[in-house]
Amino acid sequence: MRNGWKGDQHPSFIDFISTFLTANSFRLNFVPIAPDFIFNCGGMSVAFIFVTNWDCNNVAPIFNRVQKLKTQFSHFYVVITLPAKEEIDSFIHSYFKFGMVIGKPTFVPVKDLEMGFEKMVKIAHSSGAYKQQRIEEKLKAERKQLVQGMNFYLKVVTSIPGIDNHDANALSQALGSVQAIAKASKEQILENTDLSTDKAEMVSRFLRDPNFYLRPKIN
């Protein structure tokens with residue numbers, strides 16, 4: 001929470017925020033930041049301006065601040081408390097007057113302070129959960145790609161006559177890729193794996209001699 005924002009609020013509201021955050025496993029820090037709040041959830045930072053007092057006669061500073069901060073944060077929201085129709089009408093008029101673009105950033109009008117803060121926490125939490133889901137999906141895709149790559153590797157190496165899955169795994173652990181195995185000499189294969197002399201010679205000849213690799217036997 002921004003220090004300056006805290007000083008403009010009633011102490012009871014600050015107590016509500018502190019209690020609400022603790023109940024939702026957040027830790028509250030008071031720091032000199034540009035937005036009013038920055039939530040760190042699941043490795044994502046979400047920034048907020050929280051307007052708790054809409055002054056119909058002095059809205060320019062709010063929109064000027066929004067224009068400045070929206071270029072600094074990729075995940076940025078503006079929560080505005082608008083309890084009466086007059087304030088809602090003023091906000092709608094001002095929104096278009098100052099050339100705001102829908103969703104850039106997203107404005108969240110609310111009726112009271114508590115609802116506004118609860119909305120902020122929900123937005124921050126869902127943003128973090130979404131990023132965590134994306135990370136898990138990426139890791140899952142990478143694992144799938146790794147498994148597919150290993151399956152392809154096994155298919156290629158076990159196509160060498162006499163080489164089984166155990167031998168292929170031994171070659172993978174000791175030498176790495178098919179390209180690395182192709183470059184390895186018979187002596188290097190014997191030194192770094194438990195393959196027999198005949199198998200080491202077969203691997204070396206198969207991956208170097210066209211008479212062998214142009215007609216591989218695929219298991």
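**A four-stranded sheet and its helices**

Let me begin inside the sheet, where phenylalanine 48 stands opposite tyrosine 77 in β3. A little further along, phenylalanine 50 has valine 79 of β3 as its bridge partner. These pairs bring us to strands β2, residues 44-51, and β3, residues 76-81, which run in the parallel sense and are joined over five bridges. I should say at once that what we are looking at is a predicted model, and I would ask you to keep that in mind throughout.

Stepping back to the sheet as a whole, four strands make up an open sheet in the order β1-β2-β3-β4, with mixed pairing. Because β1 (37-41) and β4 (106-110) each have a single partner strand, they stand at the edges, and one side of each is left without a neighbour in the sheet. On average, and ignoring direction, neighbouring strands here are turned by 25° against each other. Helix α3, residues 60-69, packs on this sheet and touches β2, β3 and β4, and its direction makes about 170° with that of β2.

Now, how many of the residues of β3 are buried? Six of the six are, so the strand is largely enclosed by the rest of the structure. As a general point, the side chains of a regular strand alternate between the two faces of the sheet. In β3 both faces are covered, with Phe76, Val78 and Ile80 buried on one side and Tyr77, Val79 and Thr81 buried on the other.

Let me turn to helix α6, residues 165-175, whose buried residues are Asp167, Ala168, Ala170 and Leu171. These residues lie on the same side of α6, because the arc that they cover around the axis is only 160°. At the start of α6, a side-chain oxygen of aspartate 164 comes to within 3.2 Å of the backbone nitrogen of histidine 166, while just after the helix glycine 176 adopts a positive phi of about 100°.

Finally, some words on the chain as a whole, which contains 10 helices and four strands and which, read along the sequence, follows the pattern α-α-β-β-α-β-α-β-α-α-α-α-α-α. Of its 219 residues, 32% are buried, and the chain exposes about 13500 Å², of which carbon and sulfur atoms supply 53%. If we consider the contacts in the chain with a separation of 6 or more, 65% of them are between residues 24 or more positions apart.

Technical notes: Residues are numbered from 1 along each chain as its sequence is written. This is a predicted model: local features need pLDDT of at least 70, side-chain atom pairs count only at pLDDT 80 or more; totals for chains, interfaces and linings use all residues. Side-chain values use heavy atoms; hydrogens and water are left out. Two strands pair if DSSP finds at least two bridges between them. Helices (H or I, at least four residues) and strands (E, at least two) are DSSP runs, numbered from the N terminus. Axes are lines fitted to C-alpha atoms, for helices over the stretch in contact, and angles run from 0 to 180 degrees between N-to-C directions. Contact means heavy atoms within 4.5 Å. Buried means under 20% relative accessible area, exposed over 50%, partly exposed in between (1.4 Å probe, protein chains only). Accessible areas come from the Shrake-Rupley method with a 1.4 Å probe; for residues, only the protein chains shown count as cover. The arc is that of the directions from the helix axis to the C-beta atoms. A polar contact is a pair of N or O atoms within 3.5 Å; within protein, one must be able to donate a hydrogen and the other to accept it, and residues adjacent in sequence count only if both atoms are side-chain atoms.
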